[in-house]
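Visitor: I should like to learn how to read the main features of a protein model. Could we take them one at a time?

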Amino acid sequence: MTLSEDEINTLSRIRRTIMKMLKDRGYLVADFEINMTKEEFISKFGENVKREDLAFAKAKTNDSSDQIHVFFPEEPKVGVTMIKNYAKRIIEENFSRAIMVVQQKLTQAAVESMDKFSRVLHLEVFKEYELLVNVAEHVLVPDHQVLTAEEKKTLLDRYNVKETQLPRVQVRDPIARYYGMKRGQVVKIIRPSETAGQYVTYRYCV
């Protein structure tokens with residue numbers, strides 16, 4: 001079935017946002033993948049593109065073994081069976097992290113089924129409309145940098161504080177989700193300052 005121009009444009013924008021999001025997370029993403037035009041998108045996937053054909057995997061820039069799998073279920077409604085099948089396949093392919101882009105909100109049973117795989121697979125779920133706009137590119141959103149475990153330890157030691165004493169950010173916060181943050185991680189936030197040049201704060205993900 002040939003998609004409408006609006007549907008193709010939507011999928012093209014979603015793919016662009018994901019590519020930029022993964023690059024901001026430190027994955028190896030080429031500029032041409034982020035800057036792909038709608039015409040180039042059609043040339044690559046065709047006018048009758050299937051969502052499942054948009055699936056891809058990316059590795060971290062500094063660790064090729066650290067990979068993430070991104071997939072787009074064709075079915076509008078994703079239930080327990082589909083979650084189990086996707087999770088099993090991804091785990092068998094040795095991925096420990098994945099992003100699923102869905103058309104509709106997951107059923108409660110599907111959400112609960114994800115918990116069964118949480119120890120071996122960190123599965124993130126985004127609805128398509130959430131990826132039409134890149135939240136990190138909003139003019140009011142400052143630069144965010146998720147600290148490594150070593151950087152976090154250095155920070156806490158330097159200021160002699162516990163992580164729980166830092167200001168908090170919810171794991172479901174749009175920016176925390178954009179950067180794929182997990183509970184316990186710390187993010188460095190850099191804001192411009194008229195007096196100091198820049199103003200740095202840190203937040204602990206809960």
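Guide: Let us begin with packing angles, which rest on axes: an axis is a line fitted to C-alpha atoms, and an angle runs from 0 to 180 degrees between N-to-C directions. Please keep in mind that this is a predicted model.

Visitor: Across which strands does α1 lie, and at what angle does α1 run to β1?

Guide: Helix α1 lies across β1, β2, β3 and β4, and its direction makes about 15 degrees with β1. Helix α4, residues 80-92, also packs on the sheet, where it touches β2, β3 and β4. The direction of α4 is at about 160 degrees to that of β2.

Visitor: In what order do the strands of the sheet stand?

Guide: The sheet is open and consists of 4 strands in the order β1-β2-β3-β4, with mixed pairing. At its edges are β1 (56-60) and β4 (122-127), each of which pairs on one side only. From one strand to the next, the twist averages 25 degrees.

Visitor: How many bridges join β3 to β4?

Guide: There are 6 bridges between β3 and β4, and these two strands run parallel. Within this part of the sheet, V102 stands opposite K127 of β4.

Visitor: How should one read a nonpolar core?

Guide: In soluble globular proteins, nonpolar side chains tend to be buried together. In the present model, the largest nonpolar core has 35 residues, and I18, L22, F41 and I99 have the most contacts inside it. At least two residues of this core come from each of α1 (5-24), α3 (38-45), β2 (63-71), β3 (97-102), α7 (174-178) and β7 (186-193). The largest share, 7 residues, is that of α1.

Visitor: Why does this core lie between domain 1 and domain 2?

Guide: Residues of this core come from both domain 1 (5-130) and domain 2 (135-205), so the core lies between them. There is also a second, separate core of 17 residues, which includes V78, Y86, A98 and V102.

Visitor: With which residues is I99 in contact, leaving aside its neighbours within four places in sequence?

Guide: The contacts of I99 beyond those neighbours include M21, L22 and R25, then I68, H69, V70 and F71, and also L123, E124 and F126.

Visitor: What is the general idea behind a salt bridge?

Guide: Side chains of opposite charge can pair when their charged atoms come close. This structure holds 11 salt bridges. In one of them, E33 pairs with K58, and the closest N and O atoms are 2.7 Å apart. E33 belongs to helix α2 (residues 31-34) and K58 to strand β1, so the pair ties together parts that are 25 residues apart in sequence.

Visitor: Are E33 and K58 buried or exposed?

Guide: Buried means under 20% relative accessible area. E33 has 13% and is therefore buried; K58, at 13%, likewise counts as buried.

Visitor: What parts of the chain does the pair of R177 and E130 tie together?

Guide: The side chains of R177 and E130 meet at 2.9 Å, N to O. R177 lies in helix α7 and E130 in the loop between β4 and β5 (143-146), so this salt bridge ties together parts that are 47 residues apart in sequence. R177 is partly exposed at 22%, and E130 is partly exposed at 24%.

Visitor: Which residues are joined into one network by salt bridges that share partners?

Guide: That network consists of R25, R97 and E124.

Definitions and conventions: Residues are numbered from 1 along each chain as its sequence is written. This is a predicted model: local features need pLDDT of at least 70, side-chain atom pairs count only at pLDDT 80 or more; totals for chains, interfaces and linings use all residues. Side-chain values use heavy atoms; hydrogens and water are left out. A nonpolar core is a set of buried Ala, Val, Leu, Ile, Met, Phe, Trp, Tyr and Cys residues joined through side-chain atoms within 4.5 Å. Buried means under 20% relative accessible area, exposed over 50%, partly exposed in between (1.4 Å probe, protein chains only). Domain bounds come from an automatic or database domain assignment. Contact means heavy atoms within 4.5 Å. Two strands pair if DSSP finds at least two bridges between them. A salt bridge is a side-chain nitrogen of Lys or Arg within 4 Å of a carboxyl oxygen of Asp or Glu.
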